[in-house]
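Subject: Handover of a structure

Hello,

I am passing this structure on to you. Please open it first, then read the notes below.

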Amino acid sequence: MIQQIDHLGIAVHNLEDSIEYYEKALGLHLHGREEVESQKVRTAFFEAGDVHIELLEPTSPESPIAKFLEKNGEGIHHIAFRVDDVVGQLKQASDAGVRLIHEVPFEGAANKLVAFLHPKSTRGVLTEFCQEKK
Ligand code: ZN
């Protein structure tokens with residue numbers, strides 16, 4: 001079951017410049033930073049109430065984020081729903097005819113299990129499911 005929006009993923013060219021914007025211009029609190037090697041990104045998390053803002057900077061030209069930036073420039077990259085059962089949620093989407101990017105969840109940032117639905121079958125919104133690891 002979907003519990004709430006967990007975070008918005010935002011693709012940026014430069015993490016440090018972007019952190020400065022979120023801290024100084026918006027007054028948000030930097031909650032943490034992490035490098036996710038499997039996705040070739042550096043991330044920084046801010047809290048806006050219960051919802052996080054996840055900044056994503058590519059660490060390699062092969063990063064999916066580098067490709068996104070090339071195509072679209074900076075901006076909202078994905079929306080992530082917090083779920084209690086990521087495998088069940090993937091099955092529900094798949095059964096409804098949605099194309100999955102990941103058939104099997106992997107370990108994302110903040111010690112969560114995550115998987116993505118393909119934006120071609122989600123009306124243009126790259127959609128992530130994330131589940132707290134127990
Ligand atoms: Zn995310």
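A word on element names before anything else: helices (H or I, at least four residues) and strands (E, at least two) are DSSP runs, numbered from the N terminus. In those terms, I101 sits in the loop between α3 and β6. Please keep in mind that this is a predicted model.

The zinc site

Which residues hold the zinc ion? Its protein donors are H7 (NE2), E54 (OE), H78 (NE2) and E128 (OE), at 2.1 to 2.4 Å from the ion. Along the sequence these donor residues follow the spacing H-x46-E-x23-H-x49-E. The pair H7 and H78 links distant parts of the chain, with H7 in strand β1 (residues 2-11) and H78 in strand β5 (residues 75-83), 71 residues apart. Both H7 and H78 are buried.

Why is the arrangement around the zinc ion irregular? The angles subtended by the four donor atoms run from 84 to 163°. Four donors count as tetrahedral if all angles lie between 85 and 135 degrees, and the range of 84 to 163° makes this arrangement irregular. For reference, the ideal angle for four tetrahedral donors is 109.5 degrees.

The cavity

The structure has one cavity of 30 Å³ or more. The volume of the largest cavity is about 40 Å³. Its lining is made up of D6, H7, F45, E54, A109, K112, V114, E128 and C130. H7, E54 and E128, among the lining residues of this cavity, are also among the donors of the zinc ion.

By class, the cavity lining divides into four nonpolar, one polar and four charged residues. Strands β1, β7 (112-117) and β8 (127-132) each contribute at least two residues to this lining. Domain 1 (7-77) and domain 2 (83-134) each give at least three residues to the cavity lining.

The pocket

How much space lies in the largest pocket? The figure is about 690 Å³. The pocket is lined by 26 residues, and the closest to its centre are P64, F68, H77, I101 and L126.

Several elements, namely β3 (41-48), β4 (51-58), α2 (64-72), β5 and β7, each supply at least two of the lining residues of the pocket. Which of them gives the largest share? That is α2, with six residues. The pocket lining holds 13 nonpolar, eight polar and five charged residues. As to domains, at least three residues of the pocket lining come from each of domain 1 (7-77) and domain 2 (83-134).

I101 and V104

I101, one of the residues closest to the centre of the pocket, counts as partly exposed at 40% relative accessibility. The C-alpha atoms of I101 and L30 are 29 Å apart, with their positions 71 residues apart along the chain.

V104 is also in the loop between α3 (86-95) and β6 (106-107). Is V104 buried or exposed? V104 has a relative accessible area of 61%, so it is exposed. V104 and A115 are 11 residues apart along the chain, and 7.0 Å separates their C-alpha atoms.

Two residues with positive phi

Most residues other than glycine have a negative phi. K40 has a positive phi, near 55°. K40 belongs to the loop between β2 (29-36) and β3, and its relative accessibility of 35% makes it partly exposed.

R123 likewise has a positive phi, near 55°, and is a residue other than glycine. Where does R123 lie? R123 is in the loop between β7 and β8. With a relative accessible area of 79%, R123 is exposed.

The segment after β8

K134 is placed in the segment after β8. The relative accessible area of K134 is 90%, so K134 is exposed. The C-alpha atoms of K134 and L113 lie 9.8 Å from each other, and the two residues are 21 apart along the chain.

A place to begin

If you want a starting point in the viewer, take the zinc ion and its donors H7, E54, H78 and E128. From there, go on to the cavity lining, which includes H7, E54 and E128, and then to the pocket, where P64, F68, H77, I101 and L126 are the closest to the centre.

Regards

Conventions:
Residues numbered from 1 in each chain as written. Predicted model: local features only at pLDDT ≥ 70, side-chain atom pairs only at ≥ 80, totals over all residues. Heavy atoms only, no water. Donors = N, O, S within 2.8 Å, 3.2 Å for Na, K, Ca; no water. Tetrahedral: all angles 85-135°; square planar, octahedral: opposite > 155°, others 65-115°. Buried < 20%, exposed > 50% of the residue type's maximum accessible area, 1.4 Å probe, protein only. 1 Å grid on protein atoms, 1.4 Å probe; cavity = no way out; pocket = protein on both sides within 12 Å on 5 of 7 lines; lining within 4 Å. Points joined across faces, edges and corners; volume = space filled by probe spheres on them. Nonpolar A, V, L, I, M, F, W, Y, C, P; charged D, E, K, R; others polar. Domains from an automatic or database assignment.
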